[in-house]
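Here are a few notes from my read-through, in case they help. Have the structure open while you go down the points.

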Amino acid sequence: MKTISTDIPARLDRLPWSRWHWMVVIGLGSVWILDGLEVTVVGSVASRLSEPGSGLNITAAQVSGIAAAMYVAGAGCGALFFGWLTDRFGRKKLFLITLAVYLIATALTAVSFSVWWFILFRFLTGFGIGGEYAAINSAIDELIPRKYRGRIDIVINGTFWLGAVGGSLLSVVALNTNLFPANIGWRLTFALGAVFGLVILVVRRHVPESPRWMFIHEREDAAERTVVDIEKQVRADTGRELEDVSDQRIEIHQRRTISFREIAAVMVRHYPRRSVLGLALFIGQAFLYNAITFNYALILSKSFHVADDRVGYYFAVLCFGNFLGPLLLGRLFDTIGRKPMITGCYLGSAVLLFGTAWLFQAGVLSAVTLTACWTAVLFVASCGASAAYLTVSEIFPMETRAMAIAFFYAIGTVAGGVAGPLVFSKLAAEGDLGKTALAFAIGATAMFAAGLVELAYGVRAEGRSLEDIAKPLSATAASGSSTKAS
């Protein structure tokens, strides 16, 4: 082990936006499209799968309840497992492996022949997707310049809703029995997800390993070559000379691994408020979203008698509104700032959902107006939900970044994403207006509480380098021989 001096973080942060950055965004950010596709497809096909002739002896409650909960449980387990491997073996290896796990599992879901098979491979699909969150978020934030990091991360996480739009429209076609038999259409939705994943895999192969990860893990020469290559591409793309930042160096004591004890110490002893903040943001957004998205098809069909093959149109509108939130408001996270924007999004969406619950229970909403209310709620909430991933990726030291993302994603998402579907599916299953309104109120309460935590403990990270927001653990060591590495 040795101590090196490096200016790589400063060199990455001072880069102007270029086509190279777009390649990173497309190659890595597309995972959220897959997640949105997966979650939406299950919600869309829940009623069809429970019908005679679907090829599965399964109920709608099992699809949107148990299977959905197992998908989220798998995502939590996958995040922890692959998050640890990501910090240990690198970002690139893991974001290729996790995508492969997703591809295989979702393809096998398409050929489900029994309830246990369907639930098992929903779990494994989530396992791959959960691993993606840890590997991808850490890689994105370490490769994107600090000037753009907030808006890019927000928009990329918001592309979940582009996948949801695709899943909604795909379900409209796939569930049309005039086009496909009842036992074939739903299978095609999962199979096409696997095909899309293959396309992403081709693009992702060109995304490099994170130089920040490499210079900590005794690969400073490879990190230097990677950054030099990136700088050449950026110069060629933009025609601009890059400013000299050689005076902005940091001292790093290289290491290969970090123990779970050290990770726990970082979160509990060094950054307890930031840990509370991460948990609150993840639990809040998970409960709000699960109060709506896992049961939207049941609510529309039970309460408003919307036909199964028409539900997708309603949800496509809702999902597109969700994507517009990060797209239109994401820039403000780098200008107005993280803390006021996250607080506003969490509290604002909670108030809107409380209002929706009151109108729904009063019986004054139709399928169209309820969808409009949902769209307004999630237009605001989607930025806050995306910011949860951005926050935990930024506010902890570099050596623990992937594991921190994995930990908060797993705890928060399992708490809201497993308990949420199990509770909300029962509340919405009977079509009772009061019980469904209660589901909305539960989600709104969790979101409001998280907004208050952000107001108290939020970190102003806009425009700051990752190393400034949370000093690397390796930077505190001064032992070893000093070696200069750019």
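1. Start with who touches Glu142. In this predicted model, and skipping neighbours within four places in sequence, Glu142 is in contact with Leu12, Arg91, Ser210, Arg212, Trp213, Met398, Arg401 and Leu466.

2. One of those partners deserves a second look. The side chains of Glu142 and Ser210 make a polar contact at 2.5 Å, so check that pair by eye.

3. Is Glu142 buried or exposed? Its relative accessibility is 0%, and because buried means under 20%, Glu142 counts as buried.

4. Now the helix around that residue. Glu142 sits in H6, which runs over residues 115-143. H6 has 29 residues and spans 42 Å from first C-alpha to last, close to the 42 Å expected at 1.5 Å a residue.

5. The burial goes beyond Glu142: 24 of the 29 residues of H6 are buried, so the helix is largely enclosed by the rest of the structure.

6. Elsewhere, have a look at a helix pair. The axes of H7 (residues 149-158) and H18 (residues 367-394) come within 8 Å and cross at roughly 125°. That angle is over 115 but not over 145 degrees, so H7 and H18 are oblique to each other. Their crossing is right-handed.

7. Which residues make the contact between H7 and H18? On the H7 side they are Arg149, Gly150, Asp153, Ile154, Asn157 and Gly158. H18 brings Cys383, Ser386, Ala387, Tyr389, Leu390 and Glu394.

Methods. Residues numbered from 1 in each chain as written. Predicted model: local features only at pLDDT ≥ 70, side-chain atom pairs only at ≥ 80, totals over all residues. Heavy atoms only, no water. Helix = DSSP H or I, 4+ residues; strand = E, 2+ residues; numbered from the N terminus. Buried < 20%, exposed > 50% of the residue type's maximum accessible area, 1.4 Å probe, protein only. Polar contact = N/O pair within 3.5 Å; in protein donor to acceptor, adjacent residues only side chain to side chain. Contact = heavy atoms within 4.5 Å. Expected span 1.5 Å × (residues − 1). Axes fitted to C-alpha atoms, helices over the stretch in contact; angles between N-to-C directions. Parallel < 35°, antiparallel > 145°, perpendicular 65-115°, else oblique. Left-handed = near helix turned anticlockwise from the far one by under 90°.
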